[in-house]
Structures are given as structure tokens and as C-alpha cells.
Amino acid sequence: MSSTSSLAGAGRKRTGSLAWHLGALLILAVILYPVVWVIGASFKPSKDIVNSLTLFPSHPILSNFKGLADGMADISIWTFFQNSLVYAVGAVVGVLVSCSLTAYAFARIRFAGRNLLFSLMIGTLLLPYHVLLIPQYVMFQKLELVNTYVPLLIGKYLATEAFFVFLMVQFMRNLPRELDEAARLDGCGHLRIYWSIVLPLCRPALITSAIFTFINAWNDFMGPLIYLNEPGKYTVSLGLMMFRDSDGVAANYGGMIAMSLVALLPVLLFFLAFQRYLIDGMATSGLKG
Amino acid sequence: MGTAVTLVKDSVPTTRAARSAATARTGRPGRRRENLAGYLFMSPWIAGFLLLTAGPMVASLYFAFTDYNLFNTPRWIGFDNFTRMFDDPRWQKSVEVTAKYVVIGTPLKLLLALGVALLLAQSRRGQAFYRAAFYAPSLIGASVSVGFVWRSLFSDDAVVDRAQSFLGFHVGGWVGNADWVLYCLVALTVWQFGAPMVIFLAGLKQVPRELYEAAEMDGAGPFRRFWNITLPMISPVLFFNVLLETIHSFQIFGSAYVVSNTSCGPADATLVYTCYLYQQGFKNSQMGFASAMAWMLLLAVALVTAALFWSQKKWVHYEEGAR
């Protein structure tokens with residue numbers, strides 16, 4: 001290659017790279033704007049929040065956050081957080097146990113009817129949840145379990161989260177079969193193989209499922225809206241809804257925005273800590289679908 | 001650990017090893033034991049499937065043909081719920097709103113996802129950073145917090161309104177405007193393009209480099225290369241994204257409910273299907289009517305899914321042996 005053409009090539013490469021970064025940064029600015037906005041807005045007095053165009057106030061105030069300490073309608077903000085935490089952690093435990101057991105059966109045990117059950121499981125992935133909503137509510141109402149966390153959590157303990165079963169099956173199928181066979185010759189049963197061999201090797205899939213489950217439960221709105229009707233049991237999503245007025249202009253607009261930010265924090269922190277697991281988990285779900 | 005395993009394996013009497021190998025191949029008792037183990041491991045899922053999926057589906061089909069308000073015994077009324085539904089202007093409105101949302105929002109979201117994935121796939125420095133940042137909205141987009149933020153950003157005199165007025169066409173806040181408010185929800189779903197983008201990106205990484213090099217040798221330009229190589233090669237991933245995103249957007253609830261301040265308005269402009277289902281079922285205690293609505297939704301989703309799977313033969317290319 002002659003020196004002139006390589007020089008021109010380098011120049012072209014540099015402008016191309018510049019354009020690439022400019023494009024990416026432009027998208028980034030639009031994507032991050034709402035997040036940056038809510039951070040700035042939570043330090044503004046209520047009357048400035050909507051119509052001040054400066055992202056960060058020149059005189060930031062803390063009163064929106066201090067106001068949160070007073071709670072909402074006699075309920076401490078921490079109650080909402082505690083409730084959300086109970087729901088989210090309970091969901092994580094359930095999904096990890098029940099989905100990994102189911103996935104092990106699909107991936108590692110040859111039993112009659114496996115293929116049929118697997119297609120049924122994939123079918124539930126596409127089923128709109130709303131078809132189940134009303135009969136499930138009727139059932140839990142008859143069992144007097146409305147206004148408890150049982151309706152929100154029971155599905156997690158019964159492996160109804162088909163997406164995570166699918167994710168774990170994909171992962172387990174890729175583990176070398178020789179491991180099972182060696183363990184079997186040593187006299188290990190399925191429970192031992194599941195617990196001491198497959199589970200430890202599945203850690204990435206388990207972490208991905210755990211974090212997604214936590215975030216989904218934390219963000220869940222429809223479940224708590226339908227099943228919880230006593231403010232003391234509200235999760236953060238429902239507690240947040242108490243900040244709005246019937247006309248949509250919250251009396252305490254600053255408090256509402258500050259609470260919105262605080263409610264987002266756990267999810268954002270999880271994301272920063274585990275983004276690799278989340279993105280890789282998402283990415284593999286689409287391959288070999 | 002490897003040596004330990006081989007040591008133990010060597011110490012196992014050969015007769016037992018031979019027997020277990022034989023039963024694994026042909027023996028009856030082994031197979032029966034495998035069946036038992038399979039169903040034991042599956043038992044949580046089976047219980048969940050019967051109790052929380054199959055049972056409720058049958059019940060909901062039954063309720064759809066009854067008059068039921070949760071406290072009376074369901075009274076069989078035949079197809080009345082369905083005829084009433086088709087004549088109901090609010091039901092028609094909810095179908096229209098949802099169809100508009102799906103038809104506008106999903107393609108926009110996927111186009112943006114594919115476009116940005118193509119940009120990021122050029123494998124420059126910072127790709128991992130951008131990928132993570134663009135993905136973040138998909139995690140928080142469904143939260144009530146973001147619903148409030150959206151409501152604020154799109155209200156009167158807020159940033160979107162000001163930018164639009166600055167560009168010369170004044171509409172005021174989108175949130176209070178029946179003609180515009182749905183686009184506010186569309187913007188919210190498009191903002192979450194990161195999840196399908198990540199899947200596209202993974203698909204793009206699997207396209208063999210040699211194909212592009214060969215095409216370039218043959219003088220194919222970037223557009224030809226995209227059309228003849230990239231698109232067919234990622235068509236399975238495209239199919240997956242179209243299927244999942246379409247099914248999901250049919251079921252939008254939370255963001256419509258929060259952005260419209262629980263009213264699904266103004267003037268029913270954000271009355272998406274599930275909002276109306278919620279109002280009928282849980283506000284008006286019309287469990288029968290709401291079940292009938294749910295089955296119509298299931299039917300619509302099933303039809304769209306079937307159509308997509310049928311069309312798949314024409315445009316989705318699976319690699320030999322990959323399936």
C-alpha cells in the first residue's frame with residue numbers, strides 16, 4: 001500500500017470516527033435527558049419544576065427531600081420501601097428456586113412428555129397476562145388472600161416466569177454432558193447433580209434472573225394496584241401514586257418528583273453494578289430463539 | 001477436582017458401572033426413575049401451570065359468557081357480553097387507541113433499535129458504554145416514576161412544548177391534548193428501544209465477516225450489503241423482536257394509566273385496551289364483560305402471532321443446521 005493512500009485512509013477513518021461519536025452522543029443526550037431532568041428538578045421549588053428550562057437550579061434546595069421524612073398520609077416513606085423490598089426479595093428467592101428446578105428437568109432429565117411440556121411453557125411466554133387477571137383475582141378473593149402479598153408472590157414460587165425458565169434451560173443445555181455422566185457413575189442422583197454441579201455452573205444465568213426479577217417486582221404497578229388496598233401495605237409504586245392530586249397537579253409537586261427519584265435509585269444502582277449480566281442475559285435470549 | 005473424580009470412578013466396581021450404563025440405554029427401571037425425577041423437579045411448574053394458567057383460562061372463558069360481579073353467582077347469558085362489547089363506543093375507542101399505539105409505536109421503536117445497533121456494531125471505542133446507556137431506559141421505563149417524569153416533560157409550558165413552539169408550531173402540552181397525548185405514550189415506548197437494540201447487536205455480531213469482504217470484492221455498496229447480507233442474516237433476531245415487542249405493546253397498561261393521571265383521558269384518548277378492561281372489571285365490577293374483553297385480546301394476540309409465524313417462511317432465513 002502506498003503512503004499517500006494510507007494517509008488518506010487514516011484521515012477518512014478519523015472523520016468517520018468523529019461523526020460516529022457525534023451521532024452516538026446526540027442519541028445519548030436525548031436518552032439521558034429525562035433522567036438528568038428528574039435529578040435537577042428534585043432540587044427545585046415546586047413552582048419551577050415544570051416550566052424552568054435550566055436543568056439544574058442556580059439555588060438548589062433540599063426541602064423536597066426533607067419533606068419526604070414526614071411521610072404520606074401518616075405513613076412513613078420507609079414503609080413503602082420496606083414493602084417493596086419484601087416483595088422484590090421474596091420474588092427473587094421464588095424465581096431462583098422454582099425456575100432452576102424446572103429448567104434442570106427440561107435441560108438434563110429425559111422424561112416422557114418433556115417436549116410437550118416445554119412447548120406449553122414457551123406458549124405461556126406469549127400469553128397475555130390479562131386473560132388470567134380476572135379469574136386469578138376471583139380465586140384469591142374467595143381464598144381471602146386479597147390485600148396480602150400471596151397473590152403477588154405465589155406465581156414466582158410456582159415457576160410461572162417462563163422467561164427465566166427459558167433463560168436457564170438455554171444455559172444448562174450448554175453445560176458439558178460428561179459432568180453429569182461422571183457424577184452419575186459416582187452414584188449421584190439428580191438432586192446432587194442439580195445442587196453441586198449444575199447450579200454452581202449456572203451462576204451467570206441465576207444472577208441475570210435474580211436482578212431482572214428484583215427490578216420487575218420493584219417496578220410492578222398493576223399487581224399491587226389490583227391486590228393491595230390498604231396504604232400501610234403499599235409498595236413504592238403505589239405510595240408514589242398517593243403524591244398526585246385528583247386534578248393531576250400534585251399539591252406537593254416537589255415531593256412527588258423527589259420521591260420519583262428516590263424510587264428509581266435502587267434500580268439505577270443495580271443497573272450500574274450488574275449491567276453486564278443484564279445486557280448479556282437480554283442478548284442471549286434473542287439468539288437461537 | 002478432575003483427579004478426584006477419576007479416582008472415585010476407578011474405584012466403582014465395574015459391574016455396577018456396566019449395569020448402570022446398560023439401564024441408561026435400554027433398561028425399564030432406569031427410564032421409570034427418570035420420569036419420576038423429571039416430574040418431581042417439574043412439580044412447582046406443573047402446579048403453577050394448572051392453578052395459575054390453565055385453570056384461570058378455562059374459568060375466564062366461562063365468565064366471558066356470564067353476568068358476574070364477583071358477589072353474585074355467575075349467570076349464563078350466552079354471547080351478550082360480546083354483542084354489547086361490539087356495540088360499545090368506548091370499547092371501539094379502546095381498540096382504535098391500542099391499534100394506533102401498536103402500529104405506530106412498535107415499528108418506530110424497532111427501526112430506531114436496528115438503526116442504533118447498526119451504528120454501534122461498527123465496533124468503535126466506547127461501544128460497551130453506549131450500549132449500556134441506551135439500554136438503561138428499558139429497565140426504568142415501566143416505573144411510575146418515569147410516568148410522572150413523562151407527564152411533567154410533556155405538560156403545558158414544559159420543555160417539549162417550548163421546543164415545539166420554538167420550531168414554530170404551537171400545540172401546548174401533549175398530556176392535556178386529546179390529539180397528541182397518544183404520541184406522548186409512543187415517545188415513552190420508543191425511548192425504551194435499548195432492549196431490542198441489545199438483541200439486534202448480538203445478532204449482528206454473529207454475521208460472518210467474510211460475507212462482507214466477499215461482497216465488497218464484488219463491488220456491493222453499503223446499501224446492497226445491508227439488504228443482501230445483514231438483513232437476511234439477522235432476520236431470525238428481527239422476527240424475535242417483532243414478535244415480542246408487538247405482543248408486549250398490545251398489553252400496555254401502567255404508562256397509559258400513570259401518564260393520563262389514572263383517567264385514561266383526556267376524552268378517552270389514552271384508553272388503551274387493558275385500561276378499559278381494568279375499568280370494567282375492577283371499577284365497575286363487570287367481571288363477565290372484562291373476561292370477554294380479555295378473550296378478545298387473546299384472540300387478537302393469537303392472530304397476530306399466527307400471522308407473524310406464517311409470514312416467517314417468506315422472510316426469515318434460518319441457517320442450515322442451526323435449527
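Mentor: A crossing is right-handed if the near helix is turned clockwise from the far one by less than a right angle. Keep that in mind for this predicted model.

Trainee: What is the handedness of the crossing where helix 3 of chain A passes helix 7 of chain A?

Mentor: Right-handed. By the definition, the near helix is turned clockwise from the far one.

Trainee: Why is helix 3 of chain A called oblique to helix 7 of chain A?

Mentor: The axes of helix 3 (residues 77–108) and helix 7 (residues 162–173) of chain A come within 8 Å and cross at roughly 50°. Angles under 35 degrees count as roughly parallel, and 65 to 115 as roughly perpendicular. The crossing angle falls in neither range, so helix 3 of chain A is oblique to helix 7 of chain A.

Trainee: Which residues in helix 3 of chain A meet helix 7 of chain A?

Mentor: Among them are Val95(A), Cys99(A), Tyr104(A) and Phe106(A); on the helix 7 side, the residues include Phe164(A), Met168(A) and Arg173(A). By class, this contact has 11 nonpolar, two polar and two charged residues. Tyr and Cys count as nonpolar here, so Tyr104(A) and Cys99(A) belong to the nonpolar group.

Trainee: How do you know that domain 1 of chain A touches domain 2 of chain A?

Mentor: Contact requires C-beta atoms within 7 Å. On that basis, 12 residues of domain 1 (3–66) are in contact with 11 residues of domain 2 (67–286). The C-alpha centres of these domains of chain A lie 33 Å apart.

Trainee: What makes up the domain 1 side of chain A that touches domain 2?

Mentor: Helix 1 (3–41) and helix 2 (63–68) of chain A each supply at least two residues. Helix 2 of chain A gives the largest share, four residues.

How values were computed:
Residues numbered from 1 in each chain as written. Chains lettered and ligands numbered in written order. Predicted model: local features only at pLDDT ≥ 70, side-chain atom pairs only at ≥ 80, totals over all residues. Axes fitted to C-alpha atoms, helices over the stretch in contact; angles between N-to-C directions. Parallel < 35°, antiparallel > 145°, perpendicular 65-115°, else oblique. Contact = placed C-beta atoms within 7 Å. Domains from an automatic or database assignment.
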